[in-house]
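Student: I'd like to learn how to read a structure like this one, feature by feature. Could we go through it together?
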Amino acid sequence: MTLILKGNIISAEKYGELNIIENGYLIANDGIIEGMYQELPKQYENYDIIDYGDKLIMQSFSDMHLHAPQYPMLGMGMDLPLLDWLNTYTFPVEANFKNTDFARKVYKELAQKLIKNGTTRVAMFSSLHKDATLILMEELENAGVTGYVGKVNMDRNGGKDLEETTQESIDETIDWLKKANFKHIKPIITPRFTPSCTNELMETLGKIAKENNLPIQSHLSENTNEIKWVKQLHPDCPEYFDTYQKYGMWNNKTLMAHCVHSSKRELQSMKDNGVYVVHCASSNQNLMSGVAQVKKMVDNGLNVVIGSDIAGGDHMSMFDCVADTIRASKARNILDNWETGFLTVSQAFYLATSAANKFFDELPGFAKGNKLNCLVLDDSKLISATKLSIKERFERCIYNREDGAIVSVYSEGRKVY
Ligand code: GUN
Ligand code: FE
């Protein structure tokens with residue numbers, strides 16, 4: 001099936017450079033992008049066109065780190081640092097996902113909200129519960145979200161209601177992988193973080209990931225007390241990342257959230273191994289974890305993507321997360337005596353869209369051969385004193401949108417909103 005969208009087409013084709021086609025055409029065949037055109041190619045003259053007029057058609061977002069079972073605790077416990085926040089609020093809330101009816105209700109709403117906000121790809125943590133994780137995958141699939149979901153592994157330090165034995169954690173993961181057969185939502189191996197997983201569990205998870213060619217996601221160097229704790233747990237490891245690398249969970253299909261306090265050696269190893277930094281600006285600020293060197297990491301050639309990290313982050317709109325990322329980069333620049341620079345809107349938009357394409361084996365922007373993931377934005381209700389360019393309208397929309405501004409969302413060519 002051929003899909004032809006007409007409007008003002010905006011994509012992050014290169015880092016820091018927008019490709020804008022005013023009143024252009026974006027064409028996909030069977031969900032795969034065929035091309036972008038200023039004039040409609042002759043061969044499509046007799047096809048139906050979906051005309052979005054003066055609206056903005058832009059890449060939709062990839063939220064590369066968020067916790068689904070924390071959706072019902074958005075905004076809670078924001079005055080606590082990471083480890084206290086986890087024990088006081090997060091683990092008790094996640095324990096509720098033993099109840100599959102509750103999981104169904106929460107995950108249905110979460111999946112629909114993601115789509116409504118223009119997030120079409122995710123790398124998401126579930127809880128340790130296998131059944132709830134399968135429900136989450138099903139609800140995302142039904143709503144039109146694509147990407148990865150992980151059953152969380154935790155066989156220590158979760159308290160009595162949120163902990164598995166090592167054997168349970170392994171058996172449940174294997175059984176989950178057998179049952180996780182969805183078209184658009186795939187499994188990802190998810191040790192919560194080093195303090196949650198014994199060495200024996202880590203070793204087995206590394207093997208499962210390798211044997212099944214599965215990606216991996218976890219947390220890294222988020223908070224200084226967390227880092228101290230990891231040192232105590234692994235006296236043999238010079239640094240936090242060694243605790244993942246040691247078990248074979250450190251490659252170009254690995255996502256590591258936060259990396260606020262990563263040392264030079266840790267960052268160099270991420271670069272050398274193609275490991276992705278998932279920058280979570282809102283969470284880093286809410287839990288006072290610190291101000292990550294987001295721009296410096298990008299400038300040094302690391303793979304950097306963005307996550308909402310709900311509910312360490314308090315909002316799921318990736319428009320807001322892009323703005324948070326820009327503000328965090330500016331705070332870093334101030335702390336660095338104005339020496340490291342800050343991210344522009346188009347640079348941060350790239351991190352929230354095109355940078356993640358690479359993780360999904362795609363090229364940046366609306367490249368030919370990519371799956372068509374886009375959203376259509378109506379900014380006509382935003383009052384302006386002068387006539388703005390498309391670029392100005394786009395930049396403004398990152399910070400400011402009227403309710404209902406997102407009018408349509410396409411995920412892999414399917415109209416899902
Ligand atoms: N580290 C381990 N678990 C979590 C979590 O749920 N959220 C955040 N922000 N950090 C973590
Ligand atoms: Fe997280």
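Student: In which sense do strand 2 and strand 3 pair, and over how many bridges?

Tutor: Strands of a sheet pair through backbone hydrogen bonds, either parallel or antiparallel. Here strand 2 and strand 3 pair in the antiparallel sense, over five bridges. Within this pair, Leu26 has Met36 in strand 3 as its bridge partner. Helices (H or I, at least four residues) and strands (E, at least two) are DSSP runs numbered from the N terminus, and two strands count as paired if DSSP finds at least two bridges between them.

Student: What should I know about the model before going on?

Tutor: It is a predicted model, in which local features need pLDDT of at least 70 and side-chain atom pairs count only at pLDDT 80 or more, while totals for chains, interfaces and linings use all residues. Residues are numbered from 1 along each chain as its sequence is written, and chains are lettered from A and ligands numbered from 1 in the order in which they are written.

Student: Which sheet holds strand 2 and strand 3, and in what order do its strands run?

Tutor: They belong to an open sheet of seven strands, ordered 3-2-1-4-15-16-17, with mixed pairing. Strand 3 (32-37) and strand 17 are the edge strands, each pairing on one side only. Towards the strand 17 end, strand 15 (residues 374-377) pairs with strand 16 in the antiparallel sense over four bridges, and Leu377 stands opposite Ile406 in strand 16. Strand 16 is also joined to strand 17 (residues 414-415) by two bridges, again antiparallel, with Tyr410 opposite Lys415. The hairpin of strand 16 and strand 17 has two residues between the strands, and Glu412 takes a positive phi near 50° there.

Student: How many strands form the sheet with parallel pairing, and what is their order?

Tutor: Four strands form that open sheet, in the order 11-12-13-14. Strand 11 (216-220) and strand 14 (303-306) are at the edges with a single partner strand each, so one side of each has no neighbour in the sheet. From one strand to the next, the twist averages 30° (axes are lines fitted to C-alpha atoms, for helices over the stretch in contact, and angles run from 0 to 180 degrees between N-to-C directions). Strand 13 (residues 276-279) and strand 14 run parallel and are joined by four bridges; Val278 stands opposite Val305 in strand 14.

Student: How is the protein chain divided into domains?

Tutor: Using bounds from an automatic or database domain assignment, the protein chain is split into domain 1 (2-60 + 364-415) and domain 2 (61-352). Their centres, taken over C-alpha atoms, are separated by 30 Å. The contact (C-beta atoms, placed from the backbone, within 7 Å) takes 17 residues from domain 1 and 21 residues from domain 2. On the domain 1 side, the elements giving two or more residues are strand 2 (17-29), helix 14 (390-399) and strand 16 (406-411).

Student: Which helix gives the most to the shell around ligand 1?

Tutor: A residue is near a molecule if its C-beta atom, placed from the backbone, lies within 6 Å of it. Helix 1 (residues 82-95) gives the most to this shell, with three residues. The residues around ligand 1 include His67, Arg192, Phe193, Glu222 and Asp309.

Conventions
Contact = placed C-beta atoms within 7 Å.
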